[in-house]
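Thank you all for making time this morning. I would like to walk through one structure with you, slowly enough that anyone new to the group can follow along on the screen.

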Amino acid sequence: MQLYLPVADIPVNILLVLAMGAAVGFVSGMFGIGGGFLMTPLLIFIGITPAVAVASVASHIAASSFSGAISYWRRRAIDPALATVLLCGGVSGTALGVWTFTQLRALGQLDLMIALSYVVLLSTVGGLMFWEGLRAMMRTRRGAIPPRRTHYWIHALPLKMRFKRSKIYLSVIPIVVVGLVIGFIGAIMGIGGAFILVPVMIYMLRVPTSTVIGTSMILTLVTMLVATMLHAVTNHLVDAVLALILMIGGVTGAQFGARAGQKIRGEQLRLLLGFLILCVGIRFAVELVIRPEELFTIRETGVGR
Amino acid sequence: MLRALIAACLLLLLGTAARAERLIVSVSNHRVTVTPNYSGEELVLFGSVEKDSSTPADRTAYDLVVTVIGPRADMVTRRKERTFGIWINTDYRQFLQVPSYLALFANRPFEEITSPEIARRQQIGLNNVLLTQRVSGDYADVVPNDVFRSAFIRLRTQHGLYREDGTAVTFLTPTLFRTGIPLPAEVPIGTYQVEIKLFAGGALVTKTETAFEIVKVGFEQFVATSARQNGFVYGLVTAAMALMTGWLASIVFRKD
């Protein structure tokens, strides 16, 4: 069943896109992540331009993180104060990201930067997660206790604030910086960034696991809504039809994914996720290194006078 | 003075003699509507060569060249080169006000119809069509085998947006002709100019023009237009849609 995507300007098979949304939703539900880092590359691989893919996936992630955030809110697993501080950085980071996106697009280097960011970020994060997962599995097999690492310098920073629901006492500086970075890369790469944000919040900021996912979802939700708005206003690249199909597939798949995720052990889940992220990174790297079939590209820059 | 007058009269006479044929053409549809499930269609252009008393009696074999020019737009062609082991866009050329759709059809190969000289002047064949580029501040077309120009034409041809065919025009009778104008799925919307040039014995005899319009209708077009023109409202609606979908999902799949 063919459907014409108005903004992406290509016909796609509606069932294929729906299936992709469901598959990514399944994975995202399983690991408790937004899945943007899988969705954006998949859209690029089926022929949608990276710019449209990034802009449209933003709204798709907003939808899935909103449904997640609602259930975490009901369970009181969101720290409003922590979310607000994160958002201060997140919203400015997103604005900066969309601005950079526009500049890169005008220079003709956007596709390259998206691919490069995927290679660097996903290979690093994926590699680390995979390694960490392997070590954790080996530790459990040997029955050793995992070593606890502490980051004293972060806790020595000024401007400390008390976050009641998370029961932590922490400087706002690292929180704003984390929000800024996640918002920035999210807007450029079309990812929510939860797969980086959650480990950073747990290991570096020492946010307890009870509030970490819910609070990170709030950041994802708001930054992705802001990204959708900004991409729509500045670049006119958000494909609402594409986004809607992805959302429907995504939220449905996520429900089944979440159920499947509960049956797998934590370390195995991390190992699997790390492997998945690493694969996407490598796929982008290969694309950059091998000689492309077509060296030339055409882009329309202005309509007829 | 007198010589000039005679020359002028002769020219005038020749001129009318050269215009002894008249072209009457029509396209099957002057307004093509592209719906969401549009997967390309073909317009038909048909017409006839009308002779009058001043037409030389020995002139029977005609050649016809049809040029279809879609709405014009500025385009950038970029070239990837290997830098530090990866392939990146390095060089680029700007094409100014070039046709977004271009089709050249004839009843036999262009080089058999007329001399290279006339073909160049009348812009017959993709190699002869004027494609203005901005080359270091100057506005000019370049030689046909320029890498950017040929890459541009090759890519447009791959998408079915540029085409040339020396067999597409068929003469049903010595004076009645028809040709199909294929319009691919990704056809740009706007006004299309059709130029029909009649040749006899390698010389341009007469030409005429017609036009048709391509409009997109339906929900998809509405979405595309609002995305371009009302970015803010469009963004708000998309964001609201995301929230609605997320909220609905949390109700539908509520576990407790």
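**Helices, loops and a shared face**

In chain A, α1(A) and α10(A) cross in a right-handed sense. Please keep in mind from the start that this is a predicted model. The helices in question are α1, residues 14-31, and α10, residues 240-261, and their axes come within 5 Å while crossing at roughly 40 degrees. If we sort the residues of that contact by class, we find 21 nonpolar, eleven polar and no charged ones.

Let me stay with α10(A) for a moment. How many of its 22 residues are buried? The count is 16, so that this helix is mostly covered. There is also a simple check on its length, which you can repeat yourselves: at 1.5 Å a residue, the 22 residues of α10(A) should span 32 Å, and because the end C-alpha atoms are 30 Å apart, the expectation and the model agree.

Just before that helix comes a loop, between α9 (209-235) and α10 of chain A, and in this loop lies A:H236. Although A:H236 is not a glycine, its phi is positive, at about 50 degrees. Is A:H236 buried or partly exposed? With 19 other C-beta atoms within 10 Å, A:H236 counts as partly exposed, since a residue is called buried when 20 or more such atoms lie within that distance.

Chain B offers a companion case in B:Q97, which is found in strand β6 of chain B. The phi of B:Q97 is near 50 degrees, again a positive value in a residue other than glycine, and B:Q97 is partly exposed, with 16 other C-beta atoms within 10 Å.

Going back to chain A, we come to the helices α8(A) and α9(A), whose axes come within 10 Å and cross at roughly 140 degrees. The two helices are therefore oblique to each other, as the label roughly antiparallel is kept for angles over 145 degrees. Their crossing is right-handed. On the α8(A) side the contact is made by A:A194, A:L197, A:V198, A:M201 and A:I202, which meet A:T209, A:V212, A:I213, A:S216, A:L219 and A:T220 of α9(A). By class, that contact has eight nonpolar, three polar and no charged residues. The loop between α8 (194-203) and α9 holds A:M204, which is partly exposed, with 13 other C-beta atoms within 10 Å.

Finally, let us turn to the place where the two chains touch. Here 46 residues of chain B are in contact with 46 residues of chain A. On the chain B side, β5 (72-83), β6 (86-99), α4 (147-158), α5 (219-229) and α6 each supply at least two residues, and the largest share, 14 residues, comes from α6(B). The residues on this side of chain B divide into 25 nonpolar, 13 polar and eight charged.

Which helix of chain A packs with α6 of chain B? The partner is α3 of chain A, residues 50-74, which packs with α6, residues 231-252 of chain B, at an angle of about 40 degrees, with the axes 7 Å apart. That angle makes α3(A) oblique to α6(B), and this crossing is right-handed. Among the residues in the contact are A:S59, A:A62 and A:F66 from α3(A), together with B:T238, B:L243 and B:W247 from α6(B). By class, the contact of α3(A) with α6(B) has nine nonpolar, eight polar and no charged residues.

Methods. Residues are numbered from 1 along each chain as its sequence is written. Chains are lettered from A and ligands numbered from 1 in the order in which they are written. This is a predicted model: local features need pLDDT of at least 70, side-chain atom pairs count only at pLDDT 80 or more; totals for chains, interfaces and linings use all residues. Axes are lines fitted to C-alpha atoms, for helices over the stretch in contact, and angles run from 0 to 180 degrees between N-to-C directions. Helices (H or I, at least four residues) and strands (E, at least two) are DSSP runs, numbered from the N terminus. Angles under 35 degrees count as roughly parallel, over 145 as roughly antiparallel, 65 to 115 as roughly perpendicular and the rest as oblique. A crossing is left-handed if the near helix is turned anticlockwise from the far one by less than a right angle, and right-handed if clockwise. Two residues are in contact if their C-beta atoms, placed from the backbone, lie within 7 Å. Ala, Val, Leu, Ile, Met, Phe, Trp, Tyr, Cys and Pro count as nonpolar, Asp, Glu, Lys and Arg as charged, and the others, Gly among them, as polar. The expected span of a helix is 1.5 Å times one less than its number of residues. A residue is buried if 20 or more other C-beta atoms lie within 10 Å of its own, exposed if 12 or fewer, and partly exposed in between; C-beta atoms are placed from the backbone.
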